[in-house]
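Me: I am new to reading protein models and would like a close look at one part of this one. Could you take me through it slowly, and then show me what lies next to it?

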Amino acid sequence: MNEHIVKSYEDELNALTAECARMGGLTEAQVADSLEAVIRRDQALAEQVVARDERLDILQADIERKAIRLIALRQPMANDLRRTVAAMKIANNLERCGDLAKNIAKRTMVLAEAEPMAALTRSIERMGRLVSGRLKDVLDAYTASNLERALQVWSRDDEVDEHYNSLFRELLTYMMGDPRTITACAHLLFVAKNMERIGDHATNIAEIIHYEITGDEMMSVPRPKTDGLTV
Amino acid sequence: MIHQSDEGPGPATPGDAIKIRARGINVFYGAKQALFDVSLDVPEKSVTALIGPSGCGKSTFLRCINRMNDTIAGTRVEGRVELDGEDVNDRSIDPVVLRARVGMVFQKPNPFPKTIYENVAYGPRIHGIATTKPELDAIVEKSLKRAGLWSEVADRLQQPGTGLSGGQQQRLVIARAIAVSPEVILMDEPCSALDPIATARIEELIDELRNQYCIVIVTHSMAQAARVSQKTAFFHMGKLVEAGATGDIFTNPRDGRTQDYITGRFG
C-alpha cells in the first residue's frame with residue numbers, strides 16, 4: 001500500500017500497530033509463564049507473572065490514548081480507521097488475557113502448597129500449550145497482516161473447548177473420588193477455565209484482524225459448540 | 001511511564017521558548033471593535049493554529065503580527081505584540097523589514113506575474129540578501145526544494161508562476177516566503193482553495209517547516225488545525241476563548257464554547 005503524503009501520520013499509525021504487537025509479545029510471555037508456573041509448581045515464577053501484569057495495563061491505557069488522539073487529530077478513514085479501532089480492541093483483549101494469566105499465577109501459589117497431581121497437570125499442560133500456541137499464531141497473523149493464519153486460529157476454537165470439557169470431567173472424577181483434592185481441583189478448574197477464555201480472546205483477535213483487513217465482520221458463520229459445558 | 005510526548009513522533013516538539021508574545025490586543029476598524037484584550041503566546045519552532053467562526057477575529061490577530069492591519073485605513077491597534085521580546089509596533093521597527101522576518105501566505109495563491117525563478121528570487125534581491133546570479137540560483141533552488149516543489153519545476157524555471165496548478169502555486173508562494181529567511185510564517189487559510197491531495201502536500205510541508213520556523217496558521221478546517229498544529233487557539237466574537245496543546249483542545253476542551261464549536265454545535 002502507498003504511504004501517506006503526511007509522514008508523521010504514517011509514523012503515528014505504525015507506532016500504534018507496533019505498540020500493539022509489543023503488547024502482544026508481553027501477553028504471550030505472561031500466558032506462557034503462568035502455564036510454566038502451574039506445571040512446575042514454581043511460586044517464584046508465579047510471583048513474577050503477577051508483578052509484571054501492571055505493564056500490560058499501562059500499555060493498554062497508552063494504546064487507547066494514542067488511538068483516541070489519532071482519531072481526534074488525524075481523522076483516519078477506511079483501512080486507517082479500521083486499523084486504529086482494531087489496535088484499540090486488540091489491546092483490550094490482550095489486557096484481559098493478562099488478567100487471566102495473573103489469576104492463573106495467583107492460583108499457582110495455592111496449588112504449590114497442595115499434593116501434586118501428575119495426571120491432571122499433564123492435561124492442564126496439553127490444554128495450556130494449545131492455548132498459548134493459538135495466542136502466538138493469532139498475534140503473528142496480526143503482525144504480518146495475514147488473514148489466512150488468523151482464520152486458521154478462528155476455525156480451530158473447538159479443540160480448546162474439547163480439552164476444557166475433558167478436563168472438567170477429569171476434575172469431577174478426582175473430586176468425587178477423594179474429597180481432600182477438592183480445593184486443589186477447584187483451583188485447577190479455574191485455571192482450565194481461564195485458559196479456555198484466553199483461547200476465546202485469541203478467537204476475538206482473529207475476528208478483529210478479519211475486520212481490519214477485509215472491512216467485513218465475521219458474524220455470519222456461527223461456530224458450533226461441542227457440548228453444553230462451555231457456556 | 002511509557003506514554004511519551006503528547007505531540008507524536010518527530011524531532012520538533014514545541015519548545016518552551018516563546019517566539020511571539022501578544023498582550024492585551026484590541027483592534028478597531030473605525031468604530032467597530034474586532035479584537036478584545038487578546039493575549040497569546042506563540043511558541044518557537046512549532047505550528048500554532050487559530051480557529052473560530054467567520055468574523056471571530058482570528059485573521060485580524062494574525063495580521064497584527066506583521067502589521068498588515070497598518071495598510072487598512074481607519075484601523076487602530078492597541079496592546080503589545082512582541083517578536084523575540086521586541087514590540088513590532090515600535091516606531092524604530094521598519095514594517096518592510098518586519099514583513100521579511102514575518103512572512104505571509106494567503107488563502108488564494110498569489111504568485112507575481114513573473115517567472116517561477118523570479119517569484120522566488122525577487123525577495124532576496126530587493127532585501128539585498130543575494131546579489132550575484134550564482135547566489136540567487138542557490139537560494140531559488142534551496143527554497144523550492146524546501147517547499148517540495150523543485151522536482152516539479154526544475155526544468156521550467158523560466159515559465160510563468162501563474163501557469164502552475166493551484167497547489168503548486170501555493171507551494172511557490174511558500175518558497176517565495178522562505179527565500180528571504182523569515183523567522184515566522186503566517187498562513188491565512190493556505191489550503192482552502194486546494195483539493196485534498198494538494199492540501200496533504202502543504203500539510204506535509206508545514207510539518208517539515210516547523211523544524212525551522214515558527215508557523216501560525218488560520219484555518220476554517222478544524223480537522224486541519226488538529227492535523228497540523230501543536231498549539232490551538234480558539235477565537236469567538238473577537239475574544240480568545242481558549243488556547244492550549246492541540247491534543248488537549250481536540251480531546252478535552254475546557255470551555256463549553258470551544259466544545260460546541262469543534263463538535264459542530266454552533267458556529
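What percentage of the 231 residues in chain A do buried residues make up?

Reply: Happy to help! Please keep in mind that this is a predicted model. Buried residues make up 39% of the 231 residues in chain A.

Let's begin with what chain A is built from. Its secondary structure comes to seven helices and zero strands. Read from the N terminus, the elements follow the pattern α-α-α-α-α-α-α. Along its principal axes, the C-alpha trace of chain A spans about 70 × 40 × 20 Å. A compact globule with 231 residues would have a radius of gyration near 17 Å, and the 19 Å of chain A agrees with that. Contacts in chain A can also link distant parts of the sequence: among those with a separation of 6 or more, 82% come from residues 24 or more positions apart.

Now zoom in on the inside. In soluble globular proteins, nonpolar side chains tend to be buried together. The largest nonpolar core here has 132 residues, and A:V138 and B:I215 touch the most other members. If you set aside its neighbours within four places in sequence, A:V138 is in contact with A:A150, A:V153, A:A202, A:I205 and A:A206.

Next, where does chain A meet its partner? There, 17 residues of chain A are in contact with 17 residues of chain B. On the chain A side, the elements giving two or more residues are α1 (7-40) and α2 (43-74). Of these, α2(A) gives the most, with nine residues. By type, the chain A residues on this side divide into eight nonpolar, two polar and seven charged.

Chain B brings sheets into the picture. Strands of a sheet pair through backbone hydrogen bonds, either parallel or antiparallel. One open sheet in chain B has four strands in the order β2-β1-β4-β5, with antiparallel pairing. Its edge strands are β2 (32-43) and β5 of chain B, each pairing on one side only. Helix α1 (residues 58-65) of chain B packs on this sheet, where the helix touches β1, β2 and β4 of chain B. The direction of this helix makes about 120° with that of β1(B).

You can follow the pairing strand by strand. Eight bridges join β1 (residues 18-29) of chain B to β4 (residues 75-83) of chain B. Within that pair, B:V27 stands opposite B:V77, and B:R21 has B:E82 as its bridge partner. B:E82 also has a bridge partner in β5(B), namely B:D87. β4(B) and β5(B) form a hairpin with two residues between them, and B:D84 in the turn has a positive phi of about 50°.

Chain B also has an open sheet of six strands, in the order β6-β7-β8-β3-β9-β10, and here the pairing is mixed. β6 (102-105) and β10 (239-245) of chain B stand at the edges with a single partner strand each, so one side of each is left without a neighbour in the sheet. On average, neighbouring strands of this sheet are turned by 15° against each other, direction ignored. Helix α6 (residues 166-179) of chain B packs on the sheet and touches β6 and β7 (184-188) of chain B. Its direction makes about 175° with that of β6(B). For an example of parallel pairing, look at β3 (residues 47-51) and β9 (residues 231-236) of chain B, which are joined by four bridges. There, B:L50 has B:A233 as its bridge partner.

Conventions
Residues are numbered from 1 along each chain as its sequence is written. Chains are lettered from A and ligands numbered from 1 in the order in which they are written. This is a predicted model: local features need pLDDT of at least 70, side-chain atom pairs count only at pLDDT 80 or more; totals for chains, interfaces and linings use all residues. A nonpolar core is a set of buried Ala, Val, Leu, Ile, Met, Phe, Trp, Tyr and Cys residues joined through C-beta atoms within 7 Å. A residue is buried if 20 or more other C-beta atoms lie within 10 Å of its own, exposed if 12 or fewer, and partly exposed in between; C-beta atoms are placed from the backbone. Two residues are in contact if their C-beta atoms, placed from the backbone, lie within 7 Å. The radius of gyration is taken over C-alpha atoms; the globule rule is 2.2 Å times the number of residues to the power 0.38. Two strands pair if DSSP finds at least two bridges between them. Axes are lines fitted to C-alpha atoms, for helices over the stretch in contact, and angles run from 0 to 180 degrees between N-to-C directions. Ala, Val, Leu, Ile, Met, Phe, Trp, Tyr, Cys and Pro count as nonpolar, Asp, Glu, Lys and Arg as charged, and the others, Gly among them, as polar.
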